[in-house]
Amino acid sequence: MEKHPLAASVLAAFGGAENLTKLRYCASRIRAELRDSTGLKRQSMTQLPGVKALLEVETPQQTTEYQLVVGPGNARPLYQALVALSGEK
């Protein structure tokens, strides 16, 4: 698999692999749940090239899901690179 240019920067902005508790993707977004939201570097994340937005969404389980909007066709390769860097979540 080709290394995605954003993966290491996104992982660092999420607070590192140890801060991820759940990682998923959909058509245009990376969806992450974090151990500690204070580790999230919001400004750094939104300034990365290719990142359109960072949304905070409350889940039915009363947790916060962070949705990184990267656009159609970009989420799956970025997700695969993030999993390769961090391990399955």
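Student: Lys and Arg count as positive here, and Asp and Glu as negative. How far apart are the mean positions of the positive and negative charges in the protein chain?

Tutor: Please note that this is a predicted model. In the protein chain, the mean position of the 11 positive charges and that of the 8 negative charges are 4 Å apart.

Student: Which elements does the chain have, and in what order do they run from the N terminus?

Tutor: There are three helices and four strands in the protein chain. Starting at the N terminus, the order is α-β-β-α-β-β-α.

Student: What about its radius of gyration?

Tutor: The protein chain has a radius of gyration of 12 Å, which agrees with the value near 12 Å for a compact globule because the comparison is made for 89 residues. Along the principal axes, the C-alpha atoms occupy a box of roughly 35 × 25 × 25 Å.

Student: How much of the chain is buried?

Tutor: Of the 89 residues in the protein chain, 43% are buried. The accessible surface is about 5100 Å², and carbon and sulfur atoms account for 50% of that surface.

Student: And what share of the contacts joins residues at least 24 apart?

Tutor: If one takes the contacts between residues at least 6 apart in sequence, 58% of them join residues at least 24 apart.

Student: Let us turn to the strands. How does β1 pair with β2?

Tutor: Strand β1, residues 20-25, pairs with β2 in the antiparallel sense over five bridges. The two form a hairpin with three residues between them. Within this pairing, Arg 24 stands opposite Arg 31 in β2.

Student: Which strand else does β2 pair with, and over how many bridges?

Tutor: Strand β2, residues 29-34, also pairs with β4, in the antiparallel sense and over four bridges. Arg 29 stands opposite Val 69 in β4, and Ala 32 has Tyr 66 as its bridge partner there.

Student: How many bridges link β3 and β4?

Tutor: Strand β3, residues 53-58, pairs with β4 over six bridges, again in the antiparallel sense. Leu 55 has Gln 67 in β4 as its bridge partner.

Student: Is β4 largely enclosed or exposed?

Tutor: Strand β4, residues 64-69, is largely enclosed by the rest of the structure, because five of its six residues are buried.

Student: What lies in the turn between β3 and β4?

Tutor: β3 and β4 form a hairpin with five residues between them, and Gln 62 in the turn has a positive phi of about 65°.

Student: Is Gln 62 buried or exposed?

Tutor: Gln 62 has a relative accessible area of 68%. The cut-off for exposed is over 50%, so Gln 62 is exposed. Its C-alpha is 15 Å from that of Asp 36, and the two residues are 26 apart in sequence.

Student: Changing topic, where is Leu 40?

Tutor: Leu 40 is in the loop between β2 and α2, the latter covering 42-46.

Student: Buried or exposed, in that case?

Tutor: Leu 40 is buried, because its relative accessible area is 6% and the cut-off for buried is under 20%.

Student: Which residues does Leu 40 touch?

Tutor: Leaving aside residues up to four places away in sequence, Leu 40 touches Ala 13, Phe 14, Leu 34, Met 45, Leu 54 and Tyr 66. One of these has appeared already: Tyr 66 is the bridge partner of Ala 32.

Student: How far is Leu 40 from Gly 87 in space?

Tutor: From C-alpha to C-alpha, Leu 40 and Gly 87 are 19 Å apart, with a separation of 47 residues in sequence.

Note on methods: Residues numbered from 1 in each chain as written. Predicted model: local features only at pLDDT ≥ 70, side-chain atom pairs only at ≥ 80, totals over all residues. Heavy atoms only, no water. Buried < 20%, exposed > 50% of the residue type's maximum accessible area, 1.4 Å probe, protein only. Pairing = 2+ DSSP bridges. Rg over C-alpha atoms; globule rule 2.2 N^0.38 Å. Contact = heavy atoms within 4.5 Å. Areas by Shrake-Rupley, 256 points an atom, 1.4 Å probe, with all protein chains shown as cover. Charge placed at Lys NZ, Arg CZ, Asp CG, Glu CD.
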